[in-house]
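User: I have a model to go through. I want to know what stands behind each label. Let's take them one by one.

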Amino acid sequence: MTIAEWIGTAIILAVPYLLVGMVWTAIAGDQLGWHGPARIVSILVSIATWPVLLVSAVCTI
Amino acid sequence: MTLEDCRITVRRRTARWDPDESVTAADAMDFWSFAAGAANVIMQLARPGVGYGVVESKVDSGNLLKHPWKRARTTFQYLAVAIIGTAEDRAAFREAVNGAHRQVKSTPDSPVRYNAFDRDMQMWVAACLFVGLEDTYQLLRGEMTVEQSEQFYRSAWTLGTTLQVTEDQWPPTRADFDDYWATACGQIDIDDRVRGYLLDLLNLHMINPVLGLPFRPLLKFLTIGFLAPVFRHAMGVKWSDSKQWLFESLFLVVAFANRFLPVFIRQGGSYVLLADVRRRVRRERALV
């Protein structure tokens, strides 16, 4: 594969992953602490690491 | 007739990223290439022997206007088999197509003599397919060098040899093909009956209007864009400099986006169709 194709593949995989992360954060975002700029960071971390948060959320039920 | 009359002229096309790479016709199987499909049907049927062979055909199962989706599948499968298939795939498909072609011959009432096994007619159809692949490939990947053009051309001969066309029917070099094409285009003639059939195709009369209506303007634009002046004239359709600018701009954008698509997305459809051919052969189901 060319570098462009690797970039394209990464985008194709990243878009649905981040969309799920946004949905997850919107639904379960009330768990996020902090306020102000730190809250923005926590939202971005939540979008990026939603599978980990999902597992931990399920395990604490 | 000059090449400017019988090939599309593209003034702005994407730059070539790999001028030293070797190429084959298999590289042209990106799904965008199907945008030239309807134009290719028009080119093929512009030769009266092919046009009347299709319009008068009694093989209903392969009739584009009666079974458009099936016909699309079998046509694209033919391309997949011819270009990326094995010798066994080609032999199986040849046998199936021969079965349909045996029923395609003119009657005393036909205005034109034709026979689907006519090797000259098959060579014309294969030449149209080659021209379509070369045009779309160069729009998507940039203009080939002389050496690449020769490799691409030689690798596309299976478009004809999968059926009854022999290797010595193909002009030996890519430059010789230009001569063949210019001469062959002198024999095109679309009369009212064949034009009516082709306009039905272009207006998507064969599919559900709910699905067809939104796509009709795009299909017409792409189809006329992929037709060389001699075919546009024969069809009686209009083209303009502004549409040509739009056509070239569209393919500059598509070519850029296409660079980022991995091969399994660009060409996955053709491999799925080829897998379906092999599955049908294994299960002894009809190919066409």
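Analyst: Contact here means heavy atoms within 4.5 Å. By that cut-off, 8 residues of chain A are in contact with 8 residues of chain B. Keep in mind that this is a predicted model.

User: How do you know how much area chain A and chain B bury between them?

Analyst: The size of an interface is often given as the accessible area lost when the parts come together. Buried area is summed over both parts. For chain A and chain B the sum is about 560 Å². Carbon and sulfur atoms carry 73% of it. On the chain A side, A:Ala4, A:Glu5 and A:Ile12 lose the most area to chain B. Together these three make up 65% of what that side buries.

User: What makes the pair B:Arg266 and A:Glu5 a salt bridge?

Analyst: The rule asks for a side-chain nitrogen of Lys or Arg within 4 Å of a carboxyl oxygen of Asp or Glu. B:Arg266 and A:Glu5 meet at 2.5 Å, N to O. That is within the cut-off, so the pair qualifies. Across this interface the rule finds 1 salt bridge. The count of residue pairs in polar contact between the two chains is also given: 1, with both residues at pLDDT 80 or more.

User: How many salt bridges does the structure hold over all chains?

Analyst: The total is 17. One of them joins B:Lys66 to B:Asp60. Their closest N and O atoms are 3.0 Å apart, and the limit is 4 Å.

User: Why are B:Lys66 and B:Asp60 called partly exposed?

Analyst: Buried means under 20% relative accessible area, and exposed means over 50%. B:Lys66 has 49%, so it falls in between. B:Asp60 has 38%, so it falls in between as well.

User: What separates B:Asp178 and B:Arg174 along the helix?

Analyst: About one helical turn, because they are 4 residues apart in helix α9 (residues 174–185) of chain B. Their salt bridge has its closest N and O atoms 2.7 Å apart. B:Arg174 counts as buried because its 11% relative accessibility is under 20%.

User: Where do B:Asp276 and B:Arg279 lie, and are they buried or exposed, or partly exposed?

Analyst: Both lie in helix α15 (residues 268–282) of chain B, 3 residues apart, about one turn of the helix. Their side chains meet in a salt bridge at 2.4 Å, N to O. B:Asp276 is at 14%, so it counts as buried. B:Arg279 has 26%, so it is partly exposed. Elsewhere, salt bridges that share partners join B:Arg7, B:Glu134, B:Asp135, B:Arg174 and B:Asp178 into one network.

User: What radius of gyration does chain A have, and how does that sit against a compact globule?

Analyst: Chain A has 14 Å. A compact globule of 61 residues would be near 10 Å. The value for chain A is therefore above the globule rule. The C-alpha trace spans about 40 × 30 × 15 Å along its principal axes. Buried residues make up 25% of chain A.

User: What is the secondary structure of chain A?

Analyst: It comes to 3 helices and 0 strands. The pattern along the sequence is α-α-α. Among contacts in chain A with a separation of 6 or more, 50% come from residues 24 or more positions apart.

User: What makes up the accessible surface of chain A?

Analyst: The surface comes to about 4400 Å². Carbon and sulfur atoms hold 82% of it.

Conventions
Residues numbered from 1 in each chain as written. Chains lettered and ligands numbered in written order. Predicted model: local features only at pLDDT ≥ 70, side-chain atom pairs only at ≥ 80, totals over all residues. Heavy atoms only, no water. Helix = DSSP H or I, 4+ residues; strand = E, 2+ residues; numbered from the N terminus. Rg over C-alpha atoms; globule rule 2.2 N^0.38 Å. Buried < 20%, exposed > 50% of the residue type's maximum accessible area, 1.4 Å probe, protein only. Areas by Shrake-Rupley, 256 points an atom, 1.4 Å probe, with all protein chains shown as cover. Buried area = accessible area lost by both parts, 1.4 Å probe. Polar contact = N/O pair within 3.5 Å; in protein donor to acceptor, adjacent residues only side chain to side chain.
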